[in-house]
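This report is an introduction for a reader who has not met the structure before. Please keep the sequence and the three-dimensional view at hand while reading.

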Amino acid sequence: MMPKKILIPLHENDVAPRFDLATEVLVVKRGKGTRNPEERILILPHPSSEELCHLIMTEGVDTVICGGIEEEYYDYLIWKKVQVLDNVIGPSREVLKRYCRGRLKSGDILHPPG
């Protein structure tokens with residue numbers, strides 16, 4: 001498996017409900033044979049779909065997991081060969097775990113454990 005980069009727009013510890021309003025993102029790099037992925041939280045100066053798309057392209061992100069996203073940006077990312085799992089709701093850690101197990105799909109709603 002080639003290293004993969006995953007980006008999740010955040011609102012506190014959850015997937016941000018809207019792509020265009022996120023001011024923080026979680027970037028996760030998973031590599032072959034790595035037990036613990038490399039994670040970074042990036043703070044954006046202000047919410048902007050255009051700047052977020054630019055960040056996705058400059059970071060070499062393979063997959064975006066997000067809540068609601070405007071069709072224009074969804075289509076752009078798909079055109080750029082970025083996998084987009086949209087309309088996902090839940091705690092970012094649980095969403096990431098499910099994705100890493102190959103069990104996350106667009107529209108999934110995850111409730112916090114407990």
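The sections below treat a pair of helices, the cysteines, and several residues in loops.

The structure is a predicted model.

**The helix pair**

Helix H1 comprises residues 49–59, and helix H2 comprises residues 71–79. Their axes come within 11 Å and cross at roughly 15°. Because angles under 35 degrees count as roughly parallel, H1 is roughly parallel to H2. The crossing of the two helices is right-handed.

Which residues bring H1 and H2 into contact? From H1, the participants are Ser 49, Glu 50, Cys 53, Ile 56 and Met 57. They meet Tyr 73, Tyr 76 and Leu 77 of H2. Sorted by class, this contact has six nonpolar residues, one polar residue and one charged residue.

**The cysteines**

Cys 53, one of the H1 residues that meet H2, is buried, with a relative accessible area of 5%. Cys 66 also counts as buried, at 0% relative accessibility. How many disulfides does the structure hold? The number is zero. In general terms, a disulfide is a covalent bond between the sulfur atoms of two cysteines. For Cys 53, the closest cysteine sulfur belongs to Cys 66 and is 9.6 Å away, which is too far for a bond. A disulfide requires the two sulfur atoms to be within 2.5 Å. Seen from Cys 66, the closest cysteine sulfur is in turn that of Cys 53.

**Residues in loops**

The table lists three loop residues with their accessibility.

| Residue | Relative accessible area | Class |
|---|---|---|
| Glu 12 | 61% | exposed |
| Lys 80 | 34% | partly exposed |
| Asn 87 | 44% | partly exposed |

Glu 12 is placed in the loop between strand S1 (4–11) and strand S2 (14–15). Its phi is near 60°, a positive value in a residue other than glycine. Glu 12 is exposed because its relative accessible area of 61% is over 50%.

Lys 80 is found in the loop between H2 and strand S6 (83–85). Along the chain, Lys 80 and Asn 36 are 44 residues apart, and their C-alpha atoms are separated by 28 Å.

Asn 87 lies in the loop that runs between S6 and helix H3 (92–100). What is the sign of phi at Asn 87? The angle is positive, at about 55°, although Asn 87 is not a glycine.

Key: Residues numbered from 1 in each chain as written. Predicted model: local features only at pLDDT ≥ 70, side-chain atom pairs only at ≥ 80, totals over all residues. Heavy atoms only, no water. Axes fitted to C-alpha atoms, helices over the stretch in contact; angles between N-to-C directions. Helix = DSSP H or I, 4+ residues; strand = E, 2+ residues; numbered from the N terminus. Parallel < 35°, antiparallel > 145°, perpendicular 65-115°, else oblique. Left-handed = near helix turned anticlockwise from the far one by under 90°. Contact = heavy atoms within 4.5 Å. Nonpolar A, V, L, I, M, F, W, Y, C, P; charged D, E, K, R; others polar. Buried < 20%, exposed > 50% of the residue type's maximum accessible area, 1.4 Å probe, protein only.
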